[in-house]
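Take a moment to look over the sequence and turn the model around. The paragraphs below walk through it one place at a time.

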Amino acid sequence: MKKIILLAALGILGLAACKTTVNKAPENVEKNLMKRADSVLALMSLDEKIGQLNQFSGDGELTGPVALRPDLLQSIRDGKVGSMLNINGAEYTRKIQKIAVEESRLKIPLIFGYDVIHGYKTIFPIPLGESASWDPEAVEKAAHIAATEAASAGQHWTFAPMVDIARDPRWGRIMEGSGEDPYLGSQLAVARIKGFQGTSLSDKTTILACAKHYAGYGNAQAGRDYYTTDISENSLREVYLPPFKAAAEAGVATFMSAFNDLNGIPATGNKDLIHDILKTEWAYKGMVVSDWGSISEMIAHGIATNKYEAGDLAFNAGVDMDMEGTVYLTEMKNLLKDDKITTAQIDESVRRILRLKFMLGLFDDPYRYSNPDYEKQTLLKPGFIDAARDAARKSFVLLKNDNQYLPLNPSVKSIALIGPASDAAADMIGNWSGRGEVKDVITLKSALETRLGAGKVLYARGAGFNDGDKAGFAEAIAAARRAEVIIAACGEAGMMSGESMSRADISIPGVQEDLIMELAKLGKPMILVLFNGRPLILTKIIGSVPAVLEAWIPGTMAGPALCDILFGEYNPSGKLPVTFPYALGQIPIFYNHKNSGRPGSQDKKFTSRYLDVPNDPLFPFGFGLSYTQFAYNNLNLNESSIIDDKPLEVRVDVKNTGTVAGTETVQLYIRDLVGSVTRPVKELKGFKKVLLKAGEVQTISFTVTKEDLSFYNSRNVWGTEPGKFTIFVGTNSQNTIEAGFELK
Ligand code: NOJ
């Protein structure tokens, strides 16, 4: 109590938590924050300062290998913990917070962090799926709901968004991000940050966000998680860093350093990356946390002999907080004694952490996020459930619809529902599903039965996700023979993607392909609904199945959202945020590749091609069908040549040529024909979603700015170069119309 009084005397308690996002606090607010942080800092012993830089996991849910560490609760009492992860629920967080604020000498509140990746209790589609909506507003809304629920359950901080660009679908964590494109990735990173953090971190519906994993983690060689990355500075700046830069500019509260070795220096010990680029070049004011144990993992990387050296590397690189590593706790005093680090550096990191605690309002009321009644009222609110349904249907991508088998006739007499995903609640929420519960999930089977009546749904599982047993085929085929329409719900189990879930074979697993082929042989109207956390290779089955709907891992409201699409109450509008390869051997394959000196042509020797498969993917980036069709005409640029600073106006007529209303995502790409470094054959620079009634035409306009035409040149300096450009506008990255202009 004595200290609380002292803090109050210093003007800390009772001050309204500031209304601001992290990198953008107005000068007076920033000054005030710093004053408050400094007043606490002045009271702290060296041990207490080091304690603030330490984060421990709770024992309940572990999201990494456990390290040996001192007794948890005693460590909190001793002021050796600044933050905890994996402590959940208003009641439990309150109990742990009480120890910090009543039993530690300085009574500094803890920050509680958790992986709120696609929802806390109400589970939304996986981030890759949500990204297929190309709808920043919907993505922001989902993040805001996740933040509201998490904050009501005592959380202050989510380790999201993951903004790693990923071009290798073997990598299981591709499910956590926005796919392959830096532009789309940046837009959606900002949307998620806005959703989590809102406009005021002191608001009880917001939490701190974390841009992770800084940087290059998605480039893991051979798609193997945690594996090495080797990325040129130009590619780093052009492809992998833009979403992080956008996140910093949007005021993301924290960054997480990545596990990977980046060009020989693990990201967690990479001074160029964290100190020079993030904290200096981008003037980032938030806090950097390591990934789980990533500081001590520098020993296995072979860049540090022991924890002391690993701590030296990480702290001097700019990592402020050690997640579940005990490195700072045990090594920092010695590092200071040996002049490897300075007190000023420690103070600076502690200040960054205290600043966030003030922003969250924790010094005003450490329990403000831990109120069990409010938690109960907040979780799974009907409005949240509706939003999850809407987000899911926006995420679905119609890949094929021969014979217009979709939408189904609402008075269909019988449907054979076959496949392991038909009634698999846990697999609908998948990996990183927070505190989502299977009992709250509505599966496709249950939603179809509710809609049509149980008698009309002939269900047979047919096979498991990943087993070799065909014993269920006979029953499935018999059911399919009796039904008017077949729906095959197949794909990956929910835990086949995510951390440490890389796959070397990314076809539909187990015997499911055989099951699909057997069903297709019946020649009936058949729809394959695919569930997966990554692009799959569908080449073997795609020719045999008339209709395919990509459903990703759709979340709590999987079934109702799918029924909305299947019965035509919602016209599919999702577009792939990532390329679907034709063959495994094409990986990495992405739309914004370079041209090469011998651009590929399958039937021409001495060109960049394969003998056995085309260069093209099965489905390109940006692809997605609708129940209607769209025609693009009259692409018009307001100038044929522009001078440096003048924006270019691009207009195009988009017409709904079908018979039902539909939403199209109009995509704009550019190509810089000649540069001082080679440029990609196409780069996304804008997109707009437009709802068109049947027969309606709208003129869609884009403004292309100097920023859009800029790139990192041969000296890695950002800017434009004069020369010719092509503008492409269209329905996906391959199907476009084009026009040219010159930048003078
Ligand atoms: C390791 C993962 O790489 C990271 O994304 C996650 O936030 C932490 N574990 C905490 O669970």
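**A walk through the model**

Let us begin with helix α23, which is mostly covered: 9 of its 9 residues are buried. Running along the helix, these are Ala558, Gly559, Pro560, Ala561, Leu562, Cys563, Asp564, Ile565 and Leu566. What do the buried residues of α23 pack against? Their partners are the helices α17 (382-395), α18 (425-429) and α19 (444-452), together with the strands β14, β15 (526-531) and β16 (547-550). After α23 comes Gly568, which has a positive phi, near 80°. Please keep in mind throughout that this is a predicted model.

Cys563, one of the buried residues of α23, leads to a question about sulfur. How many disulfides does the count come to? The count is 0. Two cysteine sulfurs would have to lie within 2.5 Å of each other to be counted as a disulfide. The sulfur of Cys490 has its closest cysteine sulfur in Cys563, 17 Å away, so the two are too far apart for a bond. Cys563 is likewise in no disulfide, as its nearest cysteine sulfur is that of Cys490. Cys490 counts as buried, at 1% relative accessibility, and Cys563 counts as buried at 1% too.

Now move to helix α20, which spans residues 473-482. Its buried residues are Phe473, Ala476, Ile477, Ala479 and Ala480. Why do they line one face of the helix? Looking down the axis of α20, you find these buried residues within an arc of 160°, so they line one face. On the other side of α20, the exposed residues are Ala474, Glu475, Arg481 and Arg482. The buried residues of α20 pack against three strands, β12 (415-418), β13 (457-460) and β14 (485-491), and against helix α21 (512-520). Strand β14 is thus a partner for the buried residues of α20 and also for those of α23.

Next, find the ligand. There are 13 residues around it, and Thr63, Asp115, Arg173, His213 and Asp291 come nearest. Several side chains place a polar atom by the oxygen atoms of the ligand. For Arg173, an N or O atom of the side chain is 2.6 Å from a ligand oxygen, and for Lys212 the distance is 2.7 Å. His213 has a polar side-chain atom 2.6 Å from an oxygen atom of the ligand. On its own the ligand has 290 Å² of accessible area, and the protein covers 100% of that.

Lys212 and His213 deserve a second look, as the backbone holds a surprise here. Most residues other than glycine have a negative phi, and most peptide bonds are trans. Lys212 and His213, however, are joined by a cis peptide bond, with omega about -5°. His213 belongs to strand β5, residues 210-214. Another cis peptide bond joins Ile587 and Pro588, where omega is about 0°. Pro588 sits in the loop between α23 (558-566) and β17 (630-637).

Finally, which residues other than glycine have a positive phi? Lys107 is one of them, with a phi of about 60°. You will find Lys107 in the loop between α5 (90-103) and β3 (111-114), where it is buried at 12% relative accessible area. Glu324 is another, with phi near 45°. Its place is the loop between β10 (322-323) and α14 (327-337), and Glu324 is buried, with a relative accessible area of 2%.

Methods. Residues numbered from 1 in each chain as written. Predicted model: local features only at pLDDT ≥ 70, side-chain atom pairs only at ≥ 80, totals over all residues. Heavy atoms only, no water. Buried < 20%, exposed > 50% of the residue type's maximum accessible area, 1.4 Å probe, protein only. Helix = DSSP H or I, 4+ residues; strand = E, 2+ residues; numbered from the N terminus. Arc of directions from axis to C-beta. Contact = heavy atoms within 4.5 Å. Near = heavy atom within 4 Å. Polar contact = N/O pair within 3.5 Å; in protein donor to acceptor, adjacent residues only side chain to side chain. Areas by Shrake-Rupley, 256 points an atom, 1.4 Å probe, with all protein chains shown as cover.
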